[in-house]
Amino acid sequence: SVMPTFVSLSWRQSLKDESVWMRIGSTIQRRLNIPVLLHLTCHRPKHEIIKILNEARRNNIRNILALRGAGSRRGTVELRWAFELVQLIRREHGDYFCIAVAGYPEVHLDCWNSSLLPPSEQSRLLDLKRLKEKVDSGADLVFSQFCFDSDIFAKFQQNCEDMGINVPVVPSYLPPQTWNSFTKFTKSLNSSLPEETKAELEKLKDNDEM
């Protein structure tokens with residue numbers, strides 16, 4: 001039988017009590033013997049993030065995806081950037097956790113000059129510098145934002161190497177579930193979809209069972 005290498009457990013900012021989230025992760029590891037990758041964002045106060053990390057360690061969860069998260073854009077949080085979260089994890093727990101961070105083959109939207117125009121080379125460079133800052137802060141690997149064009153991803157990997165980012169860069173892919181949800185998601189990220197792939201998916205857009 002085919003088993004996943006790990007299970008990625010997204011953090012829901014609506015959750016006020018992380019114990020539910022932690023219980024799900026620890027149950028997956030204990031009963032299925034599959035490592036869990038916990039998503040952790042900067043949207044909570046620092047002391048609460050430290051508490052979550054301590055709880056993860058008590059539950060033998062060793063993998064963290066450190067993200068900025070939408071909530072960190074507000075002025076009420078102590079951590080504003082993902083690299084600060086990486087630094088906090090390393091400061092509190094040393095090398096106990098394997099830390100992954102996010103990379104953006106088509107450039108994070110915050111770095112785009114305009115959502116209506118392709119990102120400039122200046123935008124790409126800024127985004128790569130931010131990624132390198134996360135890696136230099138102690139990240140072990142990079143998971144890409146969802147990317148559906150292999151040429152774009154290959155170029156991103158090369159750009160990372162040229163920038164001196166010397167950790168594994170792992171591609172992420174989202175299997176389509178329904179045509180409407182897939183197109184809505186890719187549009188929200190300004191993700192490129194190769195014409196051949198788009199044409200094949202359009203054939204199935206009215207048949208969600210496929």
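This note goes through a predicted model point by point, beginning with its sheet and ending with single residues in its loops.

1. The sheet. Six strands make up an open sheet, in which the order is S1-S2-S3-S4-S5-S6 and the pairing is parallel. At the edges stand strand S1 (7–9) and strand S6 (169–172), each of which pairs on one side only. From one strand to the next, the twist averages 30°. As general background, the strands of a sheet pair through backbone hydrogen bonds, either parallel or antiparallel.

2. Strands S5 and S6. Strand S5 (residues 141–146) runs parallel to S6 and is joined to it by three bridges. Two of the residues of S5 can be followed to their partners in S6: Phe143 has Val170 as its bridge partner, while Phe146 has Ser172. Between these strands the chain passes through H5, and the resulting β-α-β crossover from S5 to S6 is right-handed.

3. Helix H5 on the sheet. The helix of that crossover, H5 (residues 150–163), packs on the sheet, where it touches S4, S5 and S6. The direction of helix H5 makes about 160° with that of S6.

4. An aromatic pair at S5. The structure holds five aromatic pairs, and one of them brings together Phe6 and Phe143, whose ring centres are 5.8 Å apart and whose planes stand at 45°, so the pair is tilted. Because Phe6 lies in the segment before S1 while Phe143 belongs to strand S5, this pair ties together parts that are 137 residues apart in sequence. The two residues fall into separate accessibility classes: Phe6, with a relative accessible area of 34%, is partly exposed, whereas Phe143, with a relative accessible area of 14%, is buried. Phe143 therefore deserves a look from two sides, since this buried residue has a bridge partner in S6, namely Val170, as well as a ring partner in Phe6.

5. The two faces of helix H6. Which residues of helix H6 (residues 179–189) are buried? They are Trp179, Phe182 and Thr186, and, seen down the axis of H6, the buried residues fall within an arc of 70°, so they line one face of the helix. The general background is that an α-helix has 3.6 residues a turn, so residues three or four places apart point the same way. On the face of H6 that is turned away from the buried side, the exposed residues are Asn180, Lys184 and Lys187. Helix H7 (195–202) is included in what covers the buried residues of H6. After H6 comes Asn190, which has a positive phi, near 55°.

6. Ile165 after helix H5. Ile165 is found in the loop between H5 and S6. Is this loop residue buried or exposed? Its relative accessibility is 5%, so Ile165 counts as buried, the limit being under 20%. When neighbours within four places in sequence are left aside, the residues in contact with Ile165 are Leu128, Leu131, Lys132, Val135 and Cys160. With Leu193, by contrast, Ile165 has a C-alpha separation of 26 Å, the two being 28 residues apart along the chain.

7. Val107 and His108. Both residues can be inspected together, as Val107 has its place in the loop between S4 and H4, and His108 is found there too, between strand S4 (98–103) and helix H4 (121–136). Val107 has a positive phi of about 75° although it is not a glycine, and this residue is buried, with a relative accessible area of 6%. His108 is buried as well, but its relative accessible area of 19% has to be read against a limit of under 20%. From C-alpha to C-alpha, His108 and Phe148 are 15 Å apart in space, and in sequence they are 40 residues apart.

8. Asn60. A further loop residue to check is Asn60, which lies between helix H2 (46–58) and strand S3 (63–67). Asn60 is not a glycine, yet its phi is positive, at about 60°. At 54% relative accessibility Asn60 counts as exposed, whereas Val107, which also has a positive phi, is buried.

Definitions and conventions: Residues are numbered from 1 along each chain as its sequence is written. This is a predicted model: local features need pLDDT of at least 70, side-chain atom pairs count only at pLDDT 80 or more; totals for chains, interfaces and linings use all residues. Side-chain values use heavy atoms; hydrogens and water are left out. Helices (H or I, at least four residues) and strands (E, at least two) are DSSP runs, numbered from the N terminus. Buried means under 20% relative accessible area, exposed over 50%, partly exposed in between (1.4 Å probe, protein chains only). Two strands pair if DSSP finds at least two bridges between them. Axes are lines fitted to C-alpha atoms, for helices over the stretch in contact, and angles run from 0 to 180 degrees between N-to-C directions. Contact means heavy atoms within 4.5 Å. The arc is that of the directions from the helix axis to the C-beta atoms. A crossover is right-handed if, with the strands pointing away from the viewer, the path from the first strand over the helix to the second runs clockwise. Rings of Phe, Tyr and Trp (its six-membered ring) pair if their centres lie within 6.5 Å; planes under 30 degrees apart count as stacked, over 60 as edge-to-face and the rest as tilted.
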